[in-house]
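This report describes the fold of a single protein chain for a reader at the bench. Please keep the sequence and the model in view while reading.

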Amino acid sequence: WIPDAAREYDIVMRALSRALWRNTSVKCRFQQQRFINLIKIVKESKANVDEKGEVQQKEYSKPEAGNSHGYVHKKNGQVAEIRGLNGAQVGEILKVESKVDVLVTELRSDMLSCAILGDPHLVREGNKVAQTGSPLTIPVGSGVMGRTIDVLGNPLDGKGDLENVIYHQFQWSKPRPVVTNATKSMYPVFTGLSTFDVFRPVVRGGKFGVYCTEKSASTDLALSVMESLSSQNFYFVYVSIGKSSHKDDELLSRLQLHGLLDRSVVVRASEESGPMQQYLAPVAGCLISDFFRNNGMDSLVVFDDFSAHRGAHEQLTEDSTIKTSIIQSYADIGNHFCILPKDLGGGSSTALMLSKYLDNDSYSEELSSVLDSSLPIQETLWRRGQYPGVNLDSILSSTPSPFQFPMITGFHTRIMNVLRECHSLARRASIAKELGIDILEESDNDIETEIMFPEKFQALINQKSSVPLQTSLIGLYFATKSLLVDWKLNEIGRYYEVVHEFLSKRHPELLFKWSLEQPVPEFLFHYLDDILKEFIKESKQHSKSSQ
């Protein structure tokens, strides 16, 4: 074992965990067990050399004689004061006789201050407490795929014990990995939703927020994004925070129905698990995602929902269980998400943070301060069948995303210019109606078309499409230039397919794959303006046939 043990330990552990991941078939059980044994050997070797860090783990595993049992002296909310365990350390897990775990958060001269990792009502003064000698850890690796676990790493799905996993010590505050090629972190991933792909791209290695008053709407959106990214070889960590057992079971059924469960790890911190587990759940999801990222894979972490994490933080702060500000907590969680260069693994970790609207506007501002981008979902649109339910006003009032590909930027600029003009006209029509002048009754069809256009366009961007990205861009460009003339609101659902069919028949040259890194030349927009005349004729024929 060479003197620079810490550096070599990290290199060997990374190599072994990568090998463990790649040998997951039944035929390779022998190799898997061999890798697990090698990992144990490496850990023991590291403990013998690193006197500063790993000596503490030896003390964890061997509590001092005579001090392995104590009792609950006092309970205050989410905090239990333990006496009689002088050998315990900060970060160690203790077991209360009522089958509730507590986490040592502070050492005092005559007692331990511990956070209750479960229902605080089950902990009573006088309960016996046993020292485990183990820190709080979370399992990572191929063995957690398709499994449901709690924040403590215990399986909750009835499928037996976890196998082929590595246990990482729980670490809240973690420095962000150094990214030598920062431009690669700006690469968006495509979801099939125009709302995101064109106007608010979800960035690979970034942090994206979705605000909604209806939990079901945001969960639907998360599953849709996961379904799109599964074809792009993403792995998923779904962190469910503050939900009922019924809602969690429903989530698992939906993951199974969409074919996503085998590529997902579900971390549950239900409403019955207590505020401490709900507070720690995001970090557990981050540590699992770090394994994928560090081993050259792409992962998406879905936090559903983040407002429950905020509520848990408030409870723990009131009891003085934690002293970290919510902004610092958000920043520490955000440090896990990035894309690594090849020499550091080459993988990425992306966050999709779902959160409820709260009465306190400062909450949204605090969370948005650590996000790369965010969008609100309007419940009324979602219930009307416009999915994901993003109001056009929020698109128009937002600044352009700096993460767009050059190919999209030219389309985005032209589309937004027309949208702002038409939106202003619609506003003037609304004011006229308030004055008793209903200009919708005017015989001028152009005025009526322009007034209805924002509503039609809003319905257009709130639908999922399977057509290629360039077809969506051309379709949106045609929509702004033609103001969706001869298209009724209930026909918008077929718009992208009609555009794709038109291009396939008349102009297949436009369906060749475009370079995302190259801006669209100016002459192509002039060419599209000429093609638009043909498309409007096709649209009229479509309108007549539908009638």
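The text below moves from the whole chain to its barrel, its open sheet, its helices and its nonpolar cores.

**Basis and overview**

The model is predicted: local features need pLDDT of at least 70 and side-chain atom pairs count only at pLDDT 80 or more, while totals for chains, interfaces and linings use all residues. Residues are numbered from 1 along each chain as its sequence is written, and side-chain values use heavy atoms, with hydrogens and water left out.

The secondary structure of the chain comes to 17 helices and 17 strands. Helices (H or I, at least four residues) and strands (E, at least two) are DSSP runs numbered from the N terminus. Of the 547 residues in the chain, 53% are buried; buried means under 20% relative accessible area, exposed over 50%, and partly exposed in between (1.4 Å probe, protein chains only). Among contacts between residues at least 6 apart in sequence, 73% join residues at least 24 apart, where contact means heavy atoms within 4.5 Å.

**The barrel**

Six strands close into a barrel in the order β1-β2-β5-β4-β3-β6, with antiparallel pairing. The twist averages 45 degrees from one strand to the next. Two strands pair if DSSP finds at least two bridges between them. Strands β1 and β2 form a hairpin with two residues between them, and Gly 77 in the turn has a positive phi of about 65 degrees. The table lists pairings from the barrel and from the open sheet described after it.

| Strand pair | Bridges and direction | One bridge pair |
|---|---|---|
| β1 (residues 69-76) and β2 (residues 79-83) | Five, antiparallel | Val 72 and Ile 82 |
| β1 (residues 69-76) and β6 (residues 128-135) | Three, antiparallel | Gly 70 and Val 129 |
| β12 (residues 207-212) and β17 | Five, parallel | Gly 209 and Ser 374 |

Strand β6 also contains Thr 132. Thr 132 is partly exposed, with a relative accessible area of 27%. The C-alpha atoms of Thr 132 and Ile 93 are separated by 6.2 Å, although these residues are 39 places apart along the chain.

**The open sheet and its helices**

Seven strands form an open sheet in the order β8-β14-β13-β15-β16-β12-β17, with parallel pairing. Strands β8 (148-150) and β17 (373-377) are the edge strands, each pairing on one side only. From one strand to the next, the twist averages 20 degrees.

Helix α7 (residues 275-294) packs on this sheet, touching β8, β13 (234-241), β14 (264-269), β15 (298-304) and β16 (348-356), and its direction makes about 175 degrees with that of β13. Axes are lines fitted to C-alpha atoms, for helices over the stretch in contact, and angles run from 0 to 180 degrees between N-to-C directions. Helix α7 also lies across the barrel strands β4 (100-107) and β5 (112-117), running at about 80 degrees to β5. Helix α8 (residues 306-318) lies across β13, β15 and β16, at about 75 degrees to β16.

Within strand β14 lies Ser 264. Ser 264 is buried, with a relative accessible area of 0%. Not counting residues up to four places away in sequence, Ser 264 touches Val 144, Met 145, Gly 146, Arg 147, Met 226 and Phe 236.

**The nonpolar cores and helix α16**

A nonpolar core is a set of buried Ala, Val, Leu, Ile, Met, Phe, Trp, Tyr and Cys residues joined through side-chain atoms within 4.5 Å. The largest such core has 76 residues, of which Phe 199, Phe 411, Phe 457, Phe 478, Tyr 495 and Leu 528 touch the most other members. Apart from this core lies another, of 52 residues, among them Tyr 235, Val 237, Ala 312 and Ile 326. Phe 411 touches Leu 473, Ile 474, Tyr 477, Trp 514, Val 520, Phe 525 and Leu 528, not counting residues up to four places away in sequence.

The twelve residues of helix α16 (residues 495-506) should span 16 Å at 1.5 Å a residue, and the end C-alpha atoms are 16 Å apart, which agrees. The expected span is 1.5 Å times one less than the number of residues. The buried residues of α16 are Tyr 495, Tyr 496, Val 498, Val 499, Phe 502 and Leu 503. Seen down the axis of α16, these buried residues fall within an arc of 160 degrees, so they line one face of the helix. The arc is that of the directions from the helix axis to the C-beta atoms.
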